[in-house]
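Work through the exercises below with the sequence and the structure at hand. Each task is followed by a solution in steps.

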Amino acid sequence: MSIAFFDSGIGGLTVLREAARMLPDEDFIFFADTLHVPYGPKTKQQVTEYVCEAAERILGEKVKALVIACNTATSVAATELRRVYEVPVIGMEPAVKPAVEMNGAGGRRVLVLATELTLSQAKYMELVSRVDDHGIVDSLPMPELVEYCERLNFDPVELGEYFRRKFEPFDLNAYGTIVLGCTHYPYYAPLLESMLPSHIRVIDGSAGTVRRLNAVLNERGIPGGGSGKVRFMNSADDAAYNEKLKRAWAVLHPPKN
């Protein structure tokens, strides 16, 4: 049986990359909800319906765990999926806690980049309220970045100008960590690291999510038995989009020689 990873589009592949590294003896299914990408500008009710529809189809594949490799989908629908299904459901959350721990004693701030819907949800606000004792966390929506990523646009000139415009209102010298709170965003981590002040660390929640997945599998005694094989699916049954997923996967996980 495989572990399923789900996202609205190609972003969740950044979490799958971490799983392939940490769990090489597993097989994976990656499912993209291409009919409804991007989730960020949509309503909570819409996204909940989309995620539940996708989960019904994914779990028809007899998977042993489902990873919601999308911060937005996790924030609005993870609780409902856990209520309905017995299979382990692992969600994402922006890596605010480790970012605050990194910066709490240093006097620098944390900037969380995410979609509008993620940043507007009570789940995110409660997370920040719980861990941000010193009021050092700021948030910045970057809705266009998902669309750049879905177009496989990694042009450093165009994206560099986009980031400069978005960061213009901020004194970056005041920040110690930038949190990538959408799974599409880590595609741009190398570009961000090249253009930000050298003291700023760029982090995301992928590793923590996969550690949690591994712990749940071990707690439930669910064995491996795979070889790292990845199968791609999408809600539109679009063969061309599956090829796009393969190209995006190759960017993150180049084939071994």
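**Exercise 1: A proline in a loop**

Pro-38 sits in the loop that runs between β2 (28-32) and α2 (44-58). The model is a predicted one.

Task: Find which kind of peptide bond joins Val-37 and Pro-38.

Solution. Step 1: read omega for the bond between Val-37 and Pro-38; the value is about 0°. Step 2: name the bond; Val-37 and Pro-38 are joined by a cis peptide bond.

**Exercise 2: Two positive phi angles**

Task: Locate Lys-62 and Leu-152, and decide whether each counts as buried, partly exposed or exposed.

Solution. Step 1: Lys-62 belongs to the loop between α2 and β3 (65-68). Its phi is positive, about 60°, although Lys-62 is not a glycine. Step 2: the relative accessibility of Lys-62 is 61%. Exposed means over 50%, so Lys-62 counts as exposed.

Step 3: Leu-152 is in the loop between α7 (143-150) and α8 (156-167). Leu-152 is not a glycine either, yet has a positive phi of about 55°. Step 4: its relative accessibility is 24%. Buried would need a value under 20%, so Leu-152 counts as partly exposed.

**Exercise 3: The sheet and its edges**

Task: Give the strand order of the open sheet and state which strands stand at its edges.

Solution. Step 1: the sheet has five strands, in the order β4-β3-β1-β2-β9, and the pairing is parallel. Step 2: β4 (89-90) and β9 (230-234) each have a single partner strand, so they are the edges, and one side of each has no neighbour in the sheet. Step 3: look at the pair β2 and β9; these parallel strands are joined by five bridges. Within this pair, Phe-28 is opposite Val-230 of β9. Step 4: add a helix; α11 (residues 239-252) packs on the sheet and touches β2 and β9, with its direction at about 135° to that of β9.

**Exercise 4: A helix on the sheet**

Task: Determine where α1 lies and why α1 is largely enclosed.

Solution. Step 1: α1 (residues 13-22) lies across β1 (3-7), β2 and β9, and runs at about 175° to β2. Step 2: list the buried residues of α1, which are Leu-13, Thr-14, Val-15, Leu-16, Glu-18, Ala-19 and Ala-20. Step 3: these make seven of the ten residues of α1, so the helix is largely enclosed by the rest of the structure. Step 4: identify the cover; it includes β1, β2, α10 (206-219), β9 and α11.

Note on methods: Residues numbered from 1 in each chain as written. Predicted model: local features only at pLDDT ≥ 70, side-chain atom pairs only at ≥ 80, totals over all residues. Heavy atoms only, no water. Helix = DSSP H or I, 4+ residues; strand = E, 2+ residues; numbered from the N terminus. Buried < 20%, exposed > 50% of the residue type's maximum accessible area, 1.4 Å probe, protein only. Pairing = 2+ DSSP bridges. Contact = heavy atoms within 4.5 Å. Axes fitted to C-alpha atoms, helices over the stretch in contact; angles between N-to-C directions.
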